[in-house]
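Here is a short report on one protein model. Read it with the structure open beside you.

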Amino acid sequence: MLFPSLIASALQRLSDSILLLRYRRRPYREYYRAVMKRRTKLNPRDAVGGRWEMGSKGQIELLQRYGLMPQHTVLDVGCGSLRGGLNIIKYLETGNYTGVDISEEILEAGREFLRGASLEGKRPNLFYTDNIEFKEVQGKTFDYLLAISVLTHMPPEDIETLFANLHKVMGDRSVFLATVFLSKTGSIYDTVMRRNFFYPYEWFRDMGARYGLTVERDEKGDAKQNLLVIRKQAAST
Ligand SMILES: C[S@@+](CC[C@H](N)C(=O)[O-])C[C@H]1O[C@@H](n2cnc3c(N)ncnc32)[C@H](O)[C@@H]1O
């Protein structure tokens, strides 16, 4: 029914603005963590943006399009409640999936989905992180990194932290697939209670260059979000 869903979304907007006010002087991710906590309590599938079946199937298909095989390793940055992770874990050899997220609640929801799908035996590594500096996975590089609908919720300073730390988890042949919202005005802006961030492609490209990374666009990405393909720059000979 339309009416109750309108009331629910109005209430959600109201509670987001109250949270935004409460967290206005704190680092952005503390606000977003509080948003995730509240949304996970309501519905751990909707908390990561809904479209569960499509998001789940689409993520493994995307990785396979880039050559993923069962023996590869995957780092799922902002893995959430394992919407994409479950299918990836199922496909990969035991122990080859790692997920990190800034929300303990959404990770716990993911662990529950994992038990529900009887996939604990695949021994995925799930880590809470305060910020994306990869301390939890230190010393390990991954064949594939994935961030679906994550950079879309990150302010510039957190994306810079992410890019600055990618060298720790990427080898020379690693491929990082990340979805973003590309700016329609050429500048950086955010919308919807600071929960969607838009950036010009050139901003990502230049940031990548500062940290030894190439950032390319894949035009075949999801219609709602754009796909970036990030690799380490080839060492000059
Ligand atoms: C829209 S959900 C997408 C989750 C998952 N990638 C998927 O496709 O289902 C965004 C996720 O990114 C996480 N997140 C937001 N900012 C983050 C950051 N700075 N570092 C790591 N995770 C972050 C959120 O907690 C949330 O679980």
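Start with one pair of residues: in β7, Phe198 is the bridge partner of Phe181. That pair belongs to a parallel pairing of β5 with strand β7 (residues 196-199), made over two bridges. Keep in mind that this is a predicted model.

**Strand pairings**

Strand β5 has further pairings. Five bridges join strand β4 (residues 142-147) to β5 (residues 170-182), and the two run parallel. Five bridges also join β5 to strand β9 (residues 226-232), but here the strands are antiparallel. Strand β9 in turn pairs with strand β8 (residues 213-218), antiparallel, over six bridges. The table sets out the four pairings.

| Strands | Direction | Bridges | Example of bridge partners |
|---|---|---|---|
| β4 and β5 | parallel | five | Leu145 and Phe176 |
| β5 and β9 | antiparallel | five | Val180 and Asn226 |
| β5 and β7 | parallel | two | Phe181 and Phe198 |
| β8 and β9 | antiparallel | six | Arg217 and Leu228 |

Look at Phe176 in β5. Its bridge partner in β5's neighbour β9 is Ile230. Phe176 is also the bridge partner of Leu145.

How does the chain get from β4 to β5? It passes through helix α6 (residues 156-165), and this β-α-β crossover is right-handed.

**The nonpolar cores**

The largest nonpolar core has 43 residues. Among those with the most contacts inside it are Leu63, Val77, Leu145 and Ala178. A separate core has 10 residues, including Tyr32, Met36, Val48 and Leu107.

Take Leu63 from the largest core. Beyond its neighbours within four places in sequence, Leu63 touches Leu68, Val74, Ile88, Tyr144 and Leu146.

Now take Val77. This residue lies in strand β1 (residues 74-77). Is Val77 buried or exposed? It has 23 C-beta neighbours inside 10 Å, so it counts as buried. Setting aside neighbours within four places in sequence, Val77 is in contact with Val100, Ile132, Leu145, Leu146, Ala147 and Val150. Val77 and Ile148 also show how the chain folds back: they are 71 residues apart in sequence, yet their C-alpha atoms are 8.0 Å apart in space.

**Helix α5**

Helix α5 (residues 104-116) has 13 residues. From its first C-alpha to its last it reaches 18 Å, close to the 18 Å expected at 1.5 Å a residue. Which residues of α5 are buried? They are Glu105, Ile106, Leu107, Ala109, Gly110 and Leu114. Leu107 is also a member of the core of 10 residues. The cover over the buried residues of α5 includes α2 (28-42), α4 (85-91), β2 (97-101) and β3 (125-128). Just after the helix, Ser118 takes a positive phi of about 50°.

**The whole protein**

Now step back. The protein has seven helices and nine strands. Its radius of gyration is 18 Å, close to the 18 Å that the globule rule gives for 237 residues, so the protein is as compact as a globular protein of that length. Along the principal axes, the C-alpha atoms fill a box of roughly 60 × 45 × 30 Å. Buried residues make up 36% of the 237 residues. Many contacts span long stretches of chain: of those with a separation of 6 or more, 66% join residues 24 or more positions apart.

Technical notes: Residues are numbered from 1 along each chain as its sequence is written. This is a predicted model: local features need pLDDT of at least 70, side-chain atom pairs count only at pLDDT 80 or more; totals for chains, interfaces and linings use all residues. A nonpolar core is a set of buried Ala, Val, Leu, Ile, Met, Phe, Trp, Tyr and Cys residues joined through C-beta atoms within 7 Å. A residue is buried if 20 or more other C-beta atoms lie within 10 Å of its own, exposed if 12 or fewer, and partly exposed in between; C-beta atoms are placed from the backbone. Two residues are in contact if their C-beta atoms, placed from the backbone, lie within 7 Å. Two strands pair if DSSP finds at least two bridges between them. Helices (H or I, at least four residues) and strands (E, at least two) are DSSP runs, numbered from the N terminus. A crossover is right-handed if, with the strands pointing away from the viewer, the path from the first strand over the helix to the second runs clockwise. The radius of gyration is taken over C-alpha atoms; the globule rule is 2.2 Å times the number of residues to the power 0.38. The expected span of a helix is 1.5 Å times one less than its number of residues.
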